[in-house]
Amino acid sequence: MEINLISDTITKPTHEMLQYMFNAEVGDDVYKQDPTVIALEAKVAAMFGMEAGLFFPSGTMANQTAIKLHTQPGEQLIADKYAHVYHYEGGGASFNSGVSCCLLDGNRGMITAEQVAGAINDPEFYHSPLTSLVCVENTTNKGGGACYELEDLKKIKEVCVANNLKFHLDGARIWNALIAKKQNPKAFGQLFDTISVCLSKGLGAPIGSVLLGDKATIHRALRIRKILGGGMRQVGYLAAAGIYALNHNLERLKEDHRRAKEIANVLEKASWVSSVEPVETNILIFSLAANCSDQVLIEKLKQKNISISSMGHGKLRIVTHLDYREVMHTYVLETLGKLTF
Ligand SMILES: *Cc1c(COP(=O)(O)O)cnc(C)c1O
């Protein structure tokens with residue numbers, strides 16, 4: 001039994017999902033003639049009460065498209081210091097859109113309206129880059145799966161409106177937030193100019209993201225996606241996996257959250273752990289006691305067929321997911337409980 005807790009992206013499609021994909025009706029999506037892609041885009045847009053959606057091969061491309069939609073070269077976006085759009089998209093914000101990032105020192109990857117207001121450059125002061133976009137992440141990835149309160153996002157939105165800034169949500173794991181906080185996706189749809197969501201994380205599809213926005217914005221996004229090489233042909237087979245995932249794997253995210261909390265409870269009692277960050281969803285970040293090294297722990301667990309990852313700076317990460325089943329969980333709790341240094 002190999003247990004991989006490195007990421008929720010490692011899941012493999014089930015037989016049922018593959019059957020559903022196999023039966024998809026397809027067409028050439030570059031000509032917008034793939035009925036399954038159109039159905040997925042409409043389904044996700046309707047969930048969030050937004051006008052339109054566009055299917056992407058990756059969350060990175062969906063975010064990069066959003067940045068390009070909302071900025072001009074030389075401008076600046078505001079994000080948390082842990083933001084995926086800054087750290088994990090290959091420098092795409094500068095490469096694709098020619099924008100710089102103003103990074104804020106947020107709390108577990110979350111920023112506040114006050115911080116945003118304080119980071120906006122005076123548009124009359126032509127020495128500084130023009131601030132044009134705010135990106136937030138929900139749940140936060142490097143921030144440990146933390147979820148925003150809707151009230152806090154509304155306050156950031158007000159700052160955006162008052163300062164003529166666009167507002168983008170990197171909602172790669174928005175599904176986890178919706179389940180953990182029992183929030184309505186339509187409340188998010190009302191706040192953001194664009195939202196990107198991933199189907200390939202907790203929902204368990206092999207690939208795929210959707211970018212949401214109003215009709216005119218998503219129409220413009222078609223050209224940017226094409227430029228980035230994201231125009232795909234008979235891709236309904238992959239969109240079908242997303243439809244299947246939304247229909248079957250959304251509610252079960254609460255199991256991932258429960259298991260992450262149970263692992264945290266065991267770690268909190270372990271002598272070799274110095275601290276465990278609060279667990280709200282399926283990501284758990286913890287730090288080791290001074291005399292224990294990341295690499296030693298990772299190796300010890302590897303010998304027991306459990307893989308976890310290091311985030312550097314003495315922090316380790318565990319992510320629960322669809323392919324992490326109860327029998328594995330029982331074994332992991334037992335193994336962590338017994339582990340000594
Ligand atoms: C996974 C993820 C993405 C998209 O990453 P891809 O590797 O392109 O799938 C974007 N934002 C966040 C916060 C993520 O965790």
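**Group meeting: two domains, one ligand site**

Let me begin with Q72, which sits in the loop between α3 (59-70) and β3 (76-80). Please bear in mind throughout that this is a predicted model. Leaving aside residues up to four places away in sequence, Q72 touches S97 and V99. G202, by contrast, is 130 residues from Q72 in sequence, and their C-alpha atoms are 33 Å apart in space.

I turn now to the domains. The domain assignment of the protein gives domain 1 as 15-248 and domain 2 as 252-338. Their C-alpha centres lie 28 Å apart. To the contact between them, domain 1 supplies 22 residues and domain 2 supplies 15 residues.

How much area is buried between domain 1 and domain 2? The value is about 1400 Å², and carbon and sulfur atoms give 51% of that area.

As for polar interactions, the rule finds 6 residue pairs in polar contact across the interface of domain 1 and domain 2, with both residues of each pair at pLDDT 80 or more. On the domain 1 side that touches domain 2, helix α8 (residues 174-180) gives the most, with 5 residues. The residues of that side divide into 8 nonpolar, 10 polar and 4 charged.

Next, the salt bridges. The structure holds 18 salt bridges, and the count between domain 1 and domain 2 is 2. I would draw attention to one pair in the structure: R108 forms a salt bridge with E280, and the closest N and O atoms are 3.1 Å apart. Where in the chain are the two partners found? R108 belongs to the loop between β4 (100-104) and α6 (113-119), while E280 belongs to the loop between β9 (273-276) and β10 (283-288). The pair therefore links distant parts of the chain, 172 residues apart, when the elements are taken as DSSP runs.

We come to the ligand. There are 13 residues around the ligand, and those that come nearest are T60, N141, D170, R173 and K201. For N141, a polar side-chain atom is placed 2.9 Å from an oxygen atom of the ligand. H84 also offers a polar side-chain atom, in this case 3.4 Å from a nitrogen atom of the ligand. With G59 the backbone is involved: one of its polar backbone atoms is 3.3 Å from an oxygen atom of the ligand.

Finally, two points of backbone geometry. Most residues other than glycine have a negative phi, and most peptide bonds are trans. Against that background, which peptide bond is cis? The bond from N138 to T139 is cis, with omega near -5°. T139 is located in the loop between β5 (131-137) and α7 (150-162). The second point concerns N164, which is not a glycine and yet has a positive phi of about 60°. N164 is placed in the loop between α7 and β6 (166-171).

To close, I would leave you with two items for discussion. One is the salt bridge between R108 and E280. The other is the ligand site, where N141 is among the residues that come nearest.

Methods: Residues are numbered from 1 along each chain as its sequence is written. This is a predicted model: local features need pLDDT of at least 70, side-chain atom pairs count only at pLDDT 80 or more; totals for chains, interfaces and linings use all residues. Side-chain values use heavy atoms; hydrogens and water are left out. Domain bounds come from an automatic or database domain assignment. Contact means heavy atoms within 4.5 Å. Buried area is the accessible area (1.4 Å probe) that two parts lose on being put together, summed over both. A salt bridge is a side-chain nitrogen of Lys or Arg within 4 Å of a carboxyl oxygen of Asp or Glu. A polar contact is a pair of N or O atoms within 3.5 Å; within protein, one must be able to donate a hydrogen and the other to accept it, and residues adjacent in sequence count only if both atoms are side-chain atoms. Helices (H or I, at least four residues) and strands (E, at least two) are DSSP runs, numbered from the N terminus. Ala, Val, Leu, Ile, Met, Phe, Trp, Tyr, Cys and Pro count as nonpolar, Asp, Glu, Lys and Arg as charged, and the others, Gly among them, as polar. A residue is near a molecule or strand if one of its heavy atoms lies within 4 Å of it.
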